[in-house]
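This report is for a reader who has not met this structure before. Please look over the sequence and the model first.

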There are 2 protein chains.
Amino acid sequence: MSQTVDRALRILPLLAEGPANLEQVAARLDVHKSTALRLLRTLHEHGMVYRQQDQRYRLGTRLFALAQQAAENLDVREIAHPHLVALNERCGHTVHLAVYEDGEVLYIDKVESRYPVRMYSRIGKPVAITVAAVAKLLLADLPEPERRAVAERLDYPAYTARSTPDAAAFLKELATVREQGWATDFGGHEESINCVGAPVRGTDGRVVAACSISAPNVVVGTGELLELLPLLRRTAEAVSAEYSGTTPPPPPVRK
Amino acid sequence: MSQTVDRALRILPLLAEGPANLEQVAARLDVHKSTALRLLRTLHEHGMVYRQQDQRYRLGTRLFALAQQAAENLDVREIAHPHLVALNERCGHTVHLAVYEDGEVLYIDKVESRYPVRMYSRIGKPVAITVAAVAKLLLADLPEPERRAVAERLDYPAYTARSTPDAAAFLKELATVREQGWATDFGGHEESINCVGAPVRGTDGRVVAACSISAPNVVVGTGELLELLPLLRRTAEAVSAEYSGTTPPPPPVRK
DNA sequence: GGTTTTGTTGCGCACTGTGCAACGCCCATT
DNA sequence: AATGGGCGTTGCACAGTGCGCAACAAAACC
């Protein structure tokens, strides 16, 4: 809508790929050098980009601060986190938390068993939306027309032989997930990785987030993974309860 | 420099404080509603803001993805991380990693002893630049004119009785730090918290980052904390070595 | 020392962003 | 059910702002 802002914002993902100099930025945006310079300077003033010694630009640290605050505003995340940690301690596997936003599903939290602090690993990256258990849960809850619209707009990459092949199959799967209240991904993204997922619901019953347990085939088979389902569902329900206010968090201080 | 982009970017920290509706945004920017709407739409198209059900805007998840990639580009961080974890395992205290950028010092990594996964806690937030050990290390290495310029531009809040009072005292402290190659903060930010810090240096000897150990007074006194200094310095030197290529990381794959 | 490459500045033109006013929608209130 | 107020949205005319050009400056290269 706004040309100038649009161009400026297109610089960010471009720099996310790696540092770039003025000319490269101008070329990628298909604008004159002086235009790119003006945009970069404005971004720089706001700390969104940083200029290193070799004069090349890269993403600035202000993005850190903003992302952090964005995360703090996602109160589902804050509420869910201790529950995810507890779940991880009991089952030992990787635990994810994801939300839906504007046609995308994103991981917003992750607890890994072996490297509990390897934090940024995948948080923020879009999920393989056509196969991931959490994606199925989140999409299954959308109102019918939107669900259909999203399903038909998607690509269906054949990550493995078990990946969801097309929109029809996906919608059918979503119907199943909607009915049973949980979801799986058995080797649909990577051959040897299996997942089970359960929904986190808000006061009105709508799915606001989804969490999942992931584990490689060689560690636990699909059968064993399904045995964890009750534990997972209890965790998801505990988060839902706290998020809905059934188990109220410490009350705000009054003066 | 560019009015439109400037206004658009000013929306982000504003929304970081919490969700806001169109009118509030327009009022805070001091522009007409229609102008704010256009800016917000452009930000929305790029996933920088998200519109929740009640039509209020909040920061979007794209910021997550960008911040993640920004972090990945900070290769100091990636290299340092396992070393910081190892240090934390040996001493048990909180370990920080910070960098300098454009007059600010920011934490870019943190390992906490008791809650190792409480990740976003302070990462990305600017450091108390006049007192923190890591800030002293990073500023002490700036070329003299810039160091002086920064020192004189700063405010010197009296967090505690031991906080750095003014630019003169700060510059003197920086000279000491520069000489001895390590830094401390004994109760300068919070009365009961002490820190020691050591620099991470690049190939050319310049300080590219700084790491520190922080612990409350009640757990370890300043004397005990200083006993950890050799361990800390060894860690910082190990990171420096790996960063400088003395201990080369796994070589890139060739075809 | 000359040449190429890359960043920076000033400037005139016109395109793009701006604010205004009118419209439409939803919710609250009676 | 009708009325009113609050808020988001749209279209438009004006001019302010961002645009690309071209010349300049400064490294980097040979």
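The text below covers confidence, the contact between the chains, the DNA strands and one helix.

The model is predicted. For chain A the average pLDDT is 85, and 89% of the residues score at least 70. Residues 115-121 of chain A stay under 50 in pLDDT, and the model has twelve contacts for them beyond four places in sequence. The pLDDT is also below 50 over residues 247-255 of chain A, a stretch with three contacts in the model beyond near neighbours in sequence.

Chains A and B touch each other: 46 residues of chain B are in contact with 46 residues of chain A. On the chain B side, two or more residues come from each of α1 (3-16), α3 (33-45), β2 (57-59), α4 (62-73) and β4 (104-111). Of these elements, α4(B) gives the most, with ten residues. By class, this side of chain B consists of 27 nonpolar, twelve polar and seven charged residues.

Next come the two DNA strands. Around DNA strand C there are 18 residues, and those that come nearest are A:Q3, A:N21, A:L22, B:S34 and B:T35. At least two residues each of the surface near strand C are supplied by α1 (3-16), α2 (22-29) and α3 (33-45) of chain A, and by α1 and α3 of chain B. DNA strand D also has 18 residues around it, of which A:S34, A:T35, B:Q3, B:N21 and B:L22 come nearest. Here the elements giving two or more residues are α1 and α3 of chain A, with α1, α2 (22-29) and α3 of chain B.

The table lists the three sets of residues by class.

| Surface | Nonpolar | Polar | Charged |
|---|---|---|---|
| Side of chain B that touches chain A | 27 residues | twelve residues | seven residues |
| Near DNA strand C | three residues | eleven residues | four residues |
| Near DNA strand D | three residues | eleven residues | four residues |

The last part concerns helix α5 (residues 75-91) of chain A. At 1.5 Å a residue, its 17 residues should span 24 Å, and the end C-alpha atoms are 25 Å apart, which agrees. The helix α5(A) has a kink of about 40° at A:H81, shortly before the proline A:P82. A:H81 is also one of the buried residues of α5(A), along with A:V76, A:A80, A:H83, A:L84, A:L87 and A:N88. Among the elements of chain A that cover these buried residues are β3 (94-101), β4 (104-111), β6 (193-201), β7 (207-216) and α10 (229-244). After α5(A) comes A:G92, with a positive phi near 85°.

Note on methods
Residues numbered from 1 in each chain as written. Chains lettered and ligands numbered in written order. Predicted model: local features only at pLDDT ≥ 70, side-chain atom pairs only at ≥ 80, totals over all residues. Contact = placed C-beta atoms within 7 Å. Helix = DSSP H or I, 4+ residues; strand = E, 2+ residues; numbered from the N terminus. Nonpolar A, V, L, I, M, F, W, Y, C, P; charged D, E, K, R; others polar. Near = placed C-beta within 6 Å. Expected span 1.5 Å × (residues − 1). Bend = angle between axes of the 7 residues up to and from the residue. Buried ≥ 20, exposed ≤ 12 C-beta atoms within 10 Å, placed from the backbone. pLDDT = per-residue confidence, 0-100.
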